[in-house]
Amino acid sequence: MDLNYTPEDVAFRKSVRAWLEQNLPRNPIRTLEERRVWHRRLYEGGYLGMGWPKAYGGGDARPMEQAIVADELARASAPAPTNGLGLGIVGPTIVVHGTDAQKTRYLRKILAAEELWCQLYSEPNAGSDLAALRTRAEDKGDHFIVNGQKTWTSAGSIADWGLLLARTDPAVAKHKGITCFLINMRQPGIEVRPLKQITGSSEFSEVFMTSARVEKTDQIGRLGEGWAIAQTTLGYERGGRALARITSYASQYGRLVEVARRLKRHGRPLIDDPVIRQKLGRIWAELEVERYGALRTLTLLERGEHPGAGGSLTKLSYSEFEKRFMEMAMEILGPYGQLTEGAPEELRLEIDTAVGEQGTWAYAFLWSRAGTIYAGSSEIQKNVIGERILGLPKETRADRVGGAR
Ligand SMILES: Cc1cc2nc3c(=O)[nH]c(=O)nc-3n(C[C@H](O)[C@H](O)[C@H](O)COP(=O)(O)OP(=O)(O)OC[C@H]3O[C@@H](n4cnc5c(N)ncnc54)[C@H](O)[C@@H]3O)c2cc1C
């Protein structure tokens, strides 16, 4: 791992920082429309889809340049763009597996946030055991007709399009009969019902498909190839944005240290309490471990390699860390940690939620559970690490539910 930045990298970082000073929104973003405006400004600045091909609106940028931008955005506590699933999952999947016509039709509109996307994988009885999915897509000549139900669909309520996994052949082994499609969410056959979460917001939904239509031109890859395509998608979900996450944890950690300086218990600032200092020190040390883990992934990407099952190590590690970190934050904040409004300015944490609202420490704490579930739960990551990295024997039928993600 080479941890030194080249003079070009240093100059690039300087230019990103200068751009952010000029362009960062002055006021907190409160609505989806305001987030779209910020998204477009980022895109016009060249900071979205940086690794995508230039021919389709991307920047052909190196992984290191992408990491520097992610780093600077987090350092400046910049709001997130909208269309997270379009940028993080759908776009990269189309870049790798899509036809030229699909790339031309969809990629630019994802980058410009003209079309917002969701991911239609999980079903009520197919989460970890994703290959058990039952949504059917039937071939009708020039199109498919889709019937079934998806759930936990992030951004489903605002999405124009969805990346769908559906069963096209129920007669073959369950991993082999699945195909990947792009489905228009704005059609009569699609009903989206938002689900209320413990955080108070409704970032994900149930999606019901009743004779919904998918054009043949919107099939991704070959018939029955959906499982392999889903593995690419999950790879992006697990390993891809680790460094940006670590940097945003670091900025939240900085906020927490400030809070510990301001808050008093028994007449003394919390930061003077040796137990609190010890805990803050432990979190900082863990954060450094996470940072080096993310840099290791970056090194692989720079060399043109894919982290593969290593993405599971990164994902397991940072999502479990986030939980410990937020538990620590709650201990330090005491009752202030539970406030969803009315906290004094210096004790507030303004973070983005997926649907354009502003979050709080309470939101961040509750949300920290999610990372250990989405994109494959911690238990599933441990299975992947055990089997594919450590070479342990595979789960047997007796100790597993089915062909886990
Ligand atoms: C915030 C959030 C956003 C999400 N967004 C999306 C989205 O946009 N699109 C989408 O398609 N899905 C989404 N999901 C769904 C997510 O992928 C699933 O929740 C996840 O895969 C787990 O599936 P499940 O909820 O059905 O739990 P289950 O699979 O029923 O698992 C229940 C428990 O059993 C454990 N378990 C299951 N199988 C095994 C095994 N073989 N070995 C050991 N333990 C096992 C699990 O770890 C878990 O603790 C989202 C989830 C969350 C939390």
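In this predicted model, I183 makes a good entry point: leaving aside residues up to four places away in sequence, I183 touches L120, V146, W161, G162, L164, A212 and V214. I183 also belongs to the largest nonpolar core, a set of 85 residues in which W117, L165, F181 and I183 touch the most other members. As a general backdrop, nonpolar side chains in soluble globular proteins tend to be buried together.

The strand that runs over residues 178–184, β5, is a well-covered piece of the model. Six of its seven residues are buried, so β5 is largely enclosed by the rest of the structure. On one side of the pairing scheme, β5 runs antiparallel to β4, and seven bridges join the two. Within that pairing, L163 stands opposite L182 of β5. β5 also pairs with strand β8 (residues 219–220), again in the antiparallel sense, this time over two bridges. Here F181 has Q219 of β8 as its bridge partner.

Moving on to β4 (161–167), the strand picks up another partner in β1, with four bridges in the parallel sense. Q119 is matched with L163 of β4 in this pairing, and L163 is the residue that also stands opposite L182 in β5. L164, likewise in β4, counts as buried because 29 other C-beta atoms lie within 10 Å, against a threshold of 20 or more. Its contacts, not counting residues up to four places away in sequence, are L120, F181 and I183. The C-alpha atoms of L164 and Q219 are 9.5 Å apart, with 55 residues separating the two along the chain.

β1 itself, spanning 117–120, is covered on both faces: W117 and Q119 are buried on one side, C118 and L120 on the other. L120 turns up in the contact list of I183 and in that of L164 as well.

Next comes the hairpin. Strand β2 (residues 136–139) and β3 run antiparallel and are joined by four bridges. The bridge partner of D139 is F144 in β3. Three residues sit between the two strands of this hairpin, and G141 in the turn has a positive phi of about 95°.

Two residues that are not glycines show positive phi values too. A155 has a phi of about 60° and lies in the loop between β3 and β4. A155 is buried, because 21 other C-beta atoms lie within 10 Å and the cut-off is 20 or more. For S77, phi is near 50°, and the residue is placed in the loop between α3 (63–75) and α4 (84–97). S77 is only partly exposed, with 16 other C-beta atoms within 10 Å.

On the larger scale, the domain assignment splits the chain into domain 1 (7–82), domain 2 (117–222) and domain 3 (240–399). Taken over C-alpha atoms, the centres of domain 1 and domain 2 are separated by 31 Å.

L298 offers a view from the helical part of the model, with its place in α8 (residues 274–302). L298 is buried, as 20 other C-beta atoms lie within 10 Å. Outside the residues up to four places away in sequence, L298 touches P63, M64, A67 and L243. By contrast, 20 Å separate the C-alpha atoms of L298 and R388, which are 90 residues apart along the chain.

That leaves the ligand. Its shell holds 23 residues, of which Y121, G127, S128, S377 and E379 come nearest. Which domains contribute at least three residues each to this shell? Domain 2 and domain 3 both do. At the level of single elements, β1, β3 (143–154) and α11 (378–389) each supply at least two residues. Sorted by class, the shell is made up of ten nonpolar, nine polar and four charged residues. β1 therefore appears in several parts of this account: its residues are buried on both faces, the strand pairs with β4 in the parallel sense, and it supplies residues to the shell around the ligand.

Definitions and conventions:
Residues are numbered from 1 along each chain as its sequence is written. This is a predicted model: local features need pLDDT of at least 70, side-chain atom pairs count only at pLDDT 80 or more; totals for chains, interfaces and linings use all residues. A residue is near a molecule or strand if its C-beta atom, placed from the backbone, lies within 6 Å of it. Ala, Val, Leu, Ile, Met, Phe, Trp, Tyr, Cys and Pro count as nonpolar, Asp, Glu, Lys and Arg as charged, and the others, Gly among them, as polar. Domain bounds come from an automatic or database domain assignment. A residue is buried if 20 or more other C-beta atoms lie within 10 Å of its own, exposed if 12 or fewer, and partly exposed in between; C-beta atoms are placed from the backbone. Two residues are in contact if their C-beta atoms, placed from the backbone, lie within 7 Å. Two strands pair if DSSP finds at least two bridges between them. A nonpolar core is a set of buried Ala, Val, Leu, Ile, Met, Phe, Trp, Tyr and Cys residues joined through C-beta atoms within 7 Å.
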